[in-house]
Amino acid sequence: MDNFKLVTLEELKKHNKPDDLWIAIEGKVYNVTKFRNEHPGGEETLDEVGGLNATVQFNEVGHSQEAKQMLKKYYVGHLVSGEESAAQTAISTSPTPSLLPQLPETTTTLQSEQSQSSIVAIPETVVTNATGKVLAPPAKQCCVVA
Ligand code: HEM
């Protein structure tokens with residue numbers, strides 16, 4: 001997609017006036033400013049959901065396939081939730097271009113934090129069957145559980 005854009009809920013909310021009207025339908029954001037005058041369902045119906053997620057309202061009407069096709073024309077970008085947009089901000093303001101170089105640090109922290117509690121002590125017992133045959137040798141202390 002050439003003009004792929006992520007739109008936060010915060011940004012969507014700003015476009016709630018008749019001369020600057022965006023709505024979200026099924027996770028996609030549409031700029032219906034120019035379309036509102038042409039909307040067969042009326043301008044007011046679109047004004048009422050300006051700056052909002054109008055998925056329910058759009059679907060309740062049972063819009064035709066033609067109407068759904070028309071959506072493409074007004075596509076602005078994808079709606080992102082608060083968490084995703086926060087992640088976006090983190091990436092864009094980070095001095096490193098990607099999160100990957102930070103991963104080892106995170107992993108080390110996690111291991112050292114959990115190392116005390118995640119060592120599993122297994123009793124040193126020999127597993128035998130009914131005839132006394134050794135099925136498994138005694139287990140040593142082991143394993144840091146991830
Ligand atoms: C970009 C978004 C939208 C487009 C492209 C669109 C398009 C259309 C079209 C083409 C029709 C004629 C009937 C049909 O073909 O289904 C229609 C009717 C209608 N639309 Fe929309 N619509 C949009 C958003 C909305 C929203 C968000 C609402 C509600 C809040 C809404 C409410 C209605 C209503 C009430 C009708 C009249 C239905 C009738 O008279 O049977 N529309 N719309």
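1. Two strands pair if DSSP finds at least two bridges between them. With that in mind, start with the sheet. This is a predicted model. Five strands make up an open sheet, and their pairing is mixed. The order across the sheet is β1-β5-β4-β3-β2.

2. Now look at the edges. β1 (6-8) and β2 (16-17) each have a single partner strand, so one side of each has no neighbour in the sheet. In general, strands of a sheet pair through backbone hydrogen bonds, either parallel or antiparallel.

3. Follow β2 inward. β2 pairs with β3 in the antiparallel sense, over two bridges. Asparagine 16 has leucine 21, in β3, as its bridge partner.

4. Check glutamate 26. This residue lies in the loop between β3 (20-25) and β4 (28-31). Its phi is positive, about 45°, although glutamate 26 is not a glycine. Is glutamate 26 buried or exposed? A residue counts as exposed if 12 or fewer other C-beta atoms lie within 10 Å of its own. Glutamate 26 has 12 such neighbours, so it counts as exposed.

5. Turn to the ligand. It is surrounded by 21 residues. The closest are Pro40, Gly41, Gln57, Ser64 and Ala67.

6. Which helices supply the shell around the ligand? α2 (43-48), α3 (55-61) and α4 (65-71) each give at least two residues. The largest share, four residues, comes from α4.

7. Last, the make-up of that shell. By class, 14 residues around the ligand are nonpolar, six are polar and one is charged.

Terms used: Residues are numbered from 1 along each chain as its sequence is written. This is a predicted model: local features need pLDDT of at least 70, side-chain atom pairs count only at pLDDT 80 or more; totals for chains, interfaces and linings use all residues. A residue is near a molecule or strand if its C-beta atom, placed from the backbone, lies within 6 Å of it. Ala, Val, Leu, Ile, Met, Phe, Trp, Tyr, Cys and Pro count as nonpolar, Asp, Glu, Lys and Arg as charged, and the others, Gly among them, as polar. A residue is buried if 20 or more other C-beta atoms lie within 10 Å of its own, exposed if 12 or fewer, and partly exposed in between; C-beta atoms are placed from the backbone.
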